[in-house]
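I wanted to go through this model with two topics in mind, the sheet and the aromatic rings, and to note down what I looked up under each.

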Amino acid sequence: METMVMSNKQVIFRDYVTGFLSESDLLINSTTVNLKVPAGSMTALVKNLYLSCDPYMRNRMRKPDPSSPATAMSFVPGKPISGFGVSKVMDSGHPDYKEGDLLWGAVGWEEYSVITPIPNLHFKIHHTDVPLSHYTGLLGMPGMTAYAGFYEICSPKKGETVFVSAASGAVGQLVGQFAKLMGCYVVGSAGSKEKVVDLLKNKFGFDDAFNYKEENDLNAALKRCFPVGIDIYFENVGGKMLDAVILNMRPHGRIAACGMISQYNLQVPEAVYNLWLITYKRIRIQGFNTIDYLHKYSEFLEFVLPYIRQGKITYVEDVADGLESAPAALVGLFRGKNVGKQLVVVSRDLD
């Protein structure tokens with residue numbers, strides 16, 4: 001059988017990163033890929049259409065440290081980085097996937113990837129009446145993160161007060177909308193006037209919002225927005241924001257620790273000084289990993305798809321075109337450049 005090969009552009013991890021991530025830490029390289037998987041293989045060759053830029057990827061750029069679970073899945077220098085993406089199957093030896101199928105899940109940051117589909121890590125796409133790009137966000141890992149973190153971890157009740165940091169991002173914008181659907185009072189923080197006014201207040205329907213960059217005293221800002229205190233905090237930021245939130249939490253409040261993006265590029269993490277108050281306020285802080293909840297994906301789809309089709313949930317994406325733009329798009333997450341969910345379009349060609 002004649003071997004068919006295609007050029008395959010990749011985003012290569014240069015070396016372990018200390019301090020702030022920069023575009024020079026990621027290189028664009030070109031190699032080749034065989035367009036047919038070996039006979040009898042359980043693998044699939046997929047053409048990547050969209051790639052998801054996510055803050056957790058920064059932690060995979062740290063040098064492996066046996067004492068830190070955050071580095072257990074570190075990228076390998078000189079190899080392509082990986083993440084979640086939306087892809088089309090070009091050839092397959094796997095019984096559950098055939099040529100032409102669409103899926104989302106773990107893939108390399110490259111034009112074509114050879115994957116071994118794994119249940120609860122790769123998902124066939126059945127609903128194509130919504131934009132395919134949504135499977136990098138709203139209907140992908142960030143959507144599941146918002147769903148699991150808010151409903152499973154926070155146990156919300158109608159009328160409770162909810163604060164969401166990084167509220168215009170991939171996860172935060174959904175948490176805020178879920179909370180509003182529950183009948184909660186919702187406030188979000190973001191890093192620009194555009195995000196606060198145009199997105200959080202006008203588009204997503206938050207009750208209030210503030211630009212943390214314009215607040216000299218985060219404690220005062222939270223007291224202004226939550227005169228009776230905070231029942232639920234969906235944590236995406238960490239550091240000074242978490243410290244101020246703890247001061248304003250109500251007794252028996254819940255904090256879902258989704259991420260702490262303000263800390264990922266720091267060599268010495270910021271201290272949290274008010275942690276002692278969680279004892280007296282009976283606050284529950286719980287970290288979580290979305291992978292632990294991916295078995296609930298079909299339940300999540302049943303929940304969220306009707307809201308999308310009815311126009312009761314909306315989603316904003318920040319789209320970078322071409323694999324060459326991927327390094328800048330990923331770095332931009334940590335400088336607040338993205339407006340909404342950051343993703344990279346590798347190809348719009350479904351053929």
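Before reading any accessibility value, I set down the cut-off I need: a residue is buried if its relative accessible area is under 20%. I also note that this is a predicted model.

**Entry 1, a ring pair.** I looked up Phe-300 and found a relative accessibility of 0%, so by that cut-off Phe-300 counts as buried. Its partner Tyr-147 has a relative accessible area of 7%, and is therefore buried as well. My search of the whole structure returned 22 aromatic pairs, and among them is this one, a tilted pair with 5.3 Å from centre to centre and 50° between the planes. Tyr-147 belongs to helix H1 (residues 141-153) and Phe-300 to helix H7 (residues 297-309), so that the pair links distant parts of the chain, 153 residues apart.

**Entry 2, a second pair.** I then turned to Phe-234 and Phe-288, whose ring centres are 6.3 Å apart and whose planes meet at 70°, which makes the pair edge-to-face. Phe-234 sits in strand E11 and Phe-288 in the loop between E13 and H7, with 54 residues separating them along the chain. I recorded both Phe-234 and Phe-288 as buried.

**Entry 3, the ring cluster.** Which rings are linked into a cluster with Tyr-147 and Phe-300? Following the ring pairs, I listed Phe-84, Trp-104, Phe-123, Phe-150, Tyr-151, Phe-178, Tyr-297, Phe-303 and Tyr-307 alongside those two. I also checked for a charge over a ring, and noted that Lys-124 lies over the face of Tyr-97, at 5.3 Å from the ring centre.

**Entry 4, the sheet.** I traced an open sheet of 6 strands with parallel pairing, in the order E10-E9-E8-E11-E12-E13. Strand E10 (208-211) and strand E13 (284-287) each have a single partner strand, so they stand at the edges and one side of each is left without a neighbour in the sheet. From one strand to the next, the twist averages 15°. Looking at one edge, I found strand E9 (residues 185-190) joined to E10 by 4 bridges, the two running parallel, and I noted Ala-209 in E10 as the bridge partner of Gly-188.

**Entry 5, helices across the sheet.** I looked up which strands helix H2 (residues 172-181) lies across, and found strand E8 (161-164), E9 and strand E11 (230-235), with H2 running at about 170° to E8. Helix H4 (residues 218-225) lies across E8, E9, E10 and E11, and runs at about 165° to E10.

How values were computed
Residues numbered from 1 in each chain as written. Predicted model: local features only at pLDDT ≥ 70, side-chain atom pairs only at ≥ 80, totals over all residues. Heavy atoms only, no water. Pairing = 2+ DSSP bridges. Axes fitted to C-alpha atoms, helices over the stretch in contact; angles between N-to-C directions. Contact = heavy atoms within 4.5 Å. Phe/Tyr/Trp six-rings, centres within 6.5 Å; stacked < 30°, edge-to-face > 60°. Buried < 20%, exposed > 50% of the residue type's maximum accessible area, 1.4 Å probe, protein only. Lys NZ or Arg CZ within 6 Å of the ring centre and 35° of its normal.
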